[in-house]
Amino acid sequence: MSTNIELLEEFGNVRRSLGRMAVQYGRDLKIGPKQLVAIRFIGKKKKCTMAEIAEGTNSDKASVTRIINSLVETGWLERQFGTEDRRQIVITLSVEGARKIPKIEKIYSIIAERFASSLNAKEQKELLQLFTKIKQGLS
C-alpha cells in the first residue's frame, strides 16, 4: 500500500475518533457533532446566513439546512429576515442557544486536549503547519 493511502486512511481514523468523541460528549446536550460545529460557528459570528454557515463549517447547503432546522426546533437558534434584503434569512443564537455555548466550548476543549495530548508543543506546531499546507494543497 502506498504511503499516500496510509496517510489518508490514518487521517480518516483520527477524524472518526474525533467524531465519536463529539457524539459522546454531545450526548448530554442531545446534539450531534455537526450540530456542535454549527452552533459554535454561529456563536462566534453572532449572526450569519445559511451560505456563511455552509462555508464556515465546510458543509453542503442541504446538510446545513437540516442542521439549522433541527436547532431551530430545539429552540437553540432563531431565523430572522435580513435588514438589507428581506429575502435573506439570518441565523442567530436564541437565549437558550447562547446558554449552551459555554458547555460546547468545554466539549471542544476536552476533545482538543485529548487530540493533542500525545504531542509536545513543537510537534503540535508542526502538525498545525502540515494541516495548513495540506488544506492549501486541496484548495
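Of the 139 residues in this chain, 27% are buried. Keep in mind that you're looking at a predicted model. The chain's secondary structure comes to 6 helices and 3 strands, and its C-alpha atoms fill a box of roughly 50 × 35 × 25 Å along the principal axes. Here's a quick tour, starting with the fold and then moving on to the charged side chains.

**Overall layout**

- Reading from the N terminus, the elements come in the order α-α-β-α-α-β-β-α-α.
- Among the helices are α1, covering residues 3-26, α5, covering residues 95-116, and α6, covering residues 121-138.
- The strands are β1 at residues 47-49, β2 at residues 77-81 and β3 at residues 89-93.

**How the strands pair up**

- Strand β3 pairs with β2 in the antiparallel sense, over 5 bridges.
- For a handy landmark in that pairing, look at Glu 78, whose bridge partner in β3 is Thr 92.
- Strand β3 also runs antiparallel to β1, and 3 bridges join these two.
- Here the landmark is Cys 48, which stands opposite Ile 91 in β3.
- Is strand β3 enclosed or open? It's largely enclosed by the rest of the structure, because 4 of its 5 residues are buried.

**The positive patch**

- Five side chains gather in a patch of positive charge on the surface: Arg 15, Arg 16, Arg 20, Lys 34 and Arg 66.
- Helix α1 supplies the largest share of this patch, with 3 residues.
- Arg 15 is one of the patch residues, and its place is in helix α1.
- Arg 15 has a relative accessible area of 59%, so it counts as exposed (the cut-off is over 50%).

**Salt bridges in helix α5**

- A search of the whole structure turns up 4 salt bridges, and two of the partners to look for in α5 are Glu 96 and Arg 99.
- The closest N and O atoms of Glu 96 and Arg 99 are 3.0 Å apart.
- Both residues sit in helix α5, 3 residues apart, which is about one turn of the helix.
- Glu 96 also forms a salt bridge with Lys 100, where the closest N and O atoms are 3.3 Å apart.
- Glu 96 and Lys 100 are 4 residues apart in helix α5, so about one helical turn separates them.
- How accessible are these three? Glu 96 is partly exposed at 30% relative accessibility, Arg 99 is exposed at 58%, and Lys 100 is partly exposed at 21%.

**The salt bridge in helix α6**

- Over in α6, the side chains of Glu 126 and Lys 122 meet in a salt bridge, at 3.4 Å from N to O.
- About one helical turn separates these two as well, because they are 4 residues apart in the helix.
- Glu 126 counts as partly exposed, with 35% relative accessibility.
- Lys 122, on the other hand, is exposed, with a relative accessible area of 59%.
- Back in α5, salt bridges with shared partners join Glu 96, Arg 99 and Lys 100 into one network.

Notes: Residues are numbered from 1 along each chain as its sequence is written. This is a predicted model: local features need pLDDT of at least 70, side-chain atom pairs count only at pLDDT 80 or more; totals for chains, interfaces and linings use all residues. Side-chain values use heavy atoms; hydrogens and water are left out. Patches are made of residues with over 30% relative accessible area and no salt bridge: like charges are joined within 9 Å, nonpolar side chains (Val, Leu, Ile, Met, Phe, Trp, Tyr) within 5 Å. Accessible areas come from the Shrake-Rupley method with a 1.4 Å probe; for residues, only the protein chains shown count as cover. Lys and Arg count as positive and Asp and Glu as negative; His and the chain ends are not counted. The place of a charge is taken as NZ of Lys, CZ of Arg, CG of Asp or CD of Glu. Buried means under 20% relative accessible area, exposed over 50%, partly exposed in between (1.4 Å probe, protein chains only). Two strands pair if DSSP finds at least two bridges between them.
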